[in-house]
Amino acid sequence: MCEHTGKRFDGDRFLQERNSYLQTSMDILAKRFGEYDMRYEPVPYLPGETYFPWYGRDDEEIMVCVFKGGQLHETFHRHDFFFFNYAWEGEYDTLSYQRDNLVTIREGELHLGQPFTGYALRGNAHREVTIVGVLIRKETFYESFMPLAAGSPLLDFFVEPLHDPTAEQFAILHPGVDFPIAELLGFMICEYAHEQPDTQELLKSYALLLIEYASRQYAREHDTAAPKGECAQMLAYLARNVGQVSLADLAARFGYHPNYLSTLFKKNLGKTFTQVVSEQRMQRASVLLQGTETAVDKISQQLGYANPSNFYKAFEKHFGCTPGDYRDRSRERR
């Protein structure tokens, strides 16, 4: 019995109401999807190609979209954001970068996409499909979410387009019982359909979980084991906390004396702890400069540099140019 109301909790009724609320929320987002002003724009560095810019509000970092229907025939295009498309019900086809590469996304599968890789969705007019998409601004991903993928093979997939604008990678995951994808997406659907002042912050928390689970599933499906050995585990931890961990912090976390840890790095990696941290900072700086418009001084802060001038010196020593020149050159390559 419920102590406060004296009424017995009716679990079946609660689940029915919850499912009804989810279905109503999906209907709201499906209607909203048809009202978005999605316009193809030309890609400056790829003649004849088009892309979708971010079509959410300026104050949104996460969007949750629902498509329902069978009439699905997009023009081949690129997009300026990350997406996680889940085949909630039914199946659909997608063209990857190569226009003749048709891939079927079946019910229960998750399709991952990076900014500016090409694709087009295809549906069957005689077969209904429901697709739930989580869209993430690329700046938000690189600044807030990328650390979670650090040390994971999924990171290579996420950052590939920065080095190769015509990257043809695509990833399809097959979530199992230990990947609660439907539950996570259900929370996000209901939250986004019934927006509150703190909705974006809540969606970011759910998106972090989604990326964590996706990273685990990606490693499993690509036969990639978790980091092994002391140094591998420490490197993964450093990658997730770049610029925030000292040698003493790392030693304390893994239960070693700092002197032993320093010797271990030099013996197994041929590098000092300081050299390893510097390399990881430069790798992260490269991604942030290419993938975002974040100010250089802010990037230096995110990487743990107390003085921006120290970041400029370290960057120029590593890459042979200033951060500003590096960013300009990456734009020219596109």
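This passage describes the sheets, the aromatic pairs and one pocket of a predicted model.

A good place to begin is the five-stranded sheet. Its 5 strands follow the order β3-β10-β5-β8-β11, the sheet is open, and the pairing is antiparallel. The edges are taken by β3 and β11 (171-173), each of which has a single partner strand, so one side of each is left without a neighbour in the sheet. On average, and with direction ignored, neighbouring strands of this sheet are turned by 20° against each other. For readers new to such folds, it may help to recall that strands of a sheet pair through backbone hydrogen bonds, either parallel or antiparallel.

Strand β5 deserves a closer look. Of its 9 residues, 7 are buried, so β5 is largely enclosed by the rest of the structure. Towards β10, β5 pairs in the antiparallel sense over 8 bridges, and here E89 stands opposite T130 in β10. Towards strand β8 (residues 110-113), β5 again pairs in the antiparallel sense, over 4 bridges. Two partnerships can be traced between these strands: F83 has G113 in β8 as its bridge partner, while N85 has H111 in β8.

A further open sheet is built from 3 strands in the order β7-β6-β9, with antiparallel pairing. The strands at its edges are β7 (102-105) and β9 (120-122), and each pairs on one side only. From one strand to the next, the twist averages 30°. Strand β6 (residues 92-95) and β9 run antiparallel and are joined by 3 bridges. Within this pairing, D93 has R122 in β9 as its bridge partner.

The aromatic side chains add another layer to the picture. Across the whole structure, a search finds 29 aromatic pairs. One of them joins F52 and Y55 in an edge-to-face arrangement, with 6.2 Å from centre to centre and 75° between the planes. Both partners lie inside: F52 is buried at a relative accessible area of 8%, and Y55 is buried at 15%. Y55 also pairs with F81, and because the ring centres are 6.0 Å apart and the planes stand at 85°, this pair is edge-to-face. The pair of Y55 and F81 links distant parts of the chain, 26 residues apart: Y55 belongs to the loop between β2 (50-52) and β3 (62-69), whereas F81 belongs to strand β5 (residues 81-89). F81 has a relative accessibility of 3% and so counts as buried. Ring pairs connect these residues into a cluster made up of F33, Y36, Y40, F52, W54, Y55, F67 and F81.

Elsewhere, an aromatic ring meets a charge. The charged end of R281 sits over the ring of Y305, at 4.2 Å from the ring centre.

Finally, some of the elements described above return in the lining of a pocket. Empty space of this kind can be found by rolling a probe the size of a water molecule over the atoms. The second largest pocket holds about 320 Å³ of space. It is lined by 20 residues, of which F33, Y55, E74, Y119 and L121 are the closest to its centre. Strands β3, β5 and β10 (129-137) each supply at least two residues of this lining. Y55 therefore appears twice in this account, as a buried residue and as one of the residues closest to the pocket centre.

Technical notes
Residues are numbered from 1 along each chain as its sequence is written. This is a predicted model: local features need pLDDT of at least 70, side-chain atom pairs count only at pLDDT 80 or more; totals for chains, interfaces and linings use all residues. Side-chain values use heavy atoms; hydrogens and water are left out. Rings of Phe, Tyr and Trp (its six-membered ring) pair if their centres lie within 6.5 Å; planes under 30 degrees apart count as stacked, over 60 as edge-to-face and the rest as tilted. Buried means under 20% relative accessible area, exposed over 50%, partly exposed in between (1.4 Å probe, protein chains only). A charge sits over a ring if NZ of Lys or CZ of Arg is within 6 Å of the ring centre and within 35 degrees of the ring normal. Two strands pair if DSSP finds at least two bridges between them. Axes are lines fitted to C-alpha atoms, for helices over the stretch in contact, and angles run from 0 to 180 degrees between N-to-C directions. On a 1 Å grid over the protein atoms alone, a cavity is a set of points where a 1.4 Å probe fits but cannot get out, and a pocket is an open set with protein on both sides within 12 Å along at least five of seven lines; lining residues have an atom within 4 Å of a point. Grid points are joined across faces, edges and corners, and a volume is the space filled by probe spheres set on the points.
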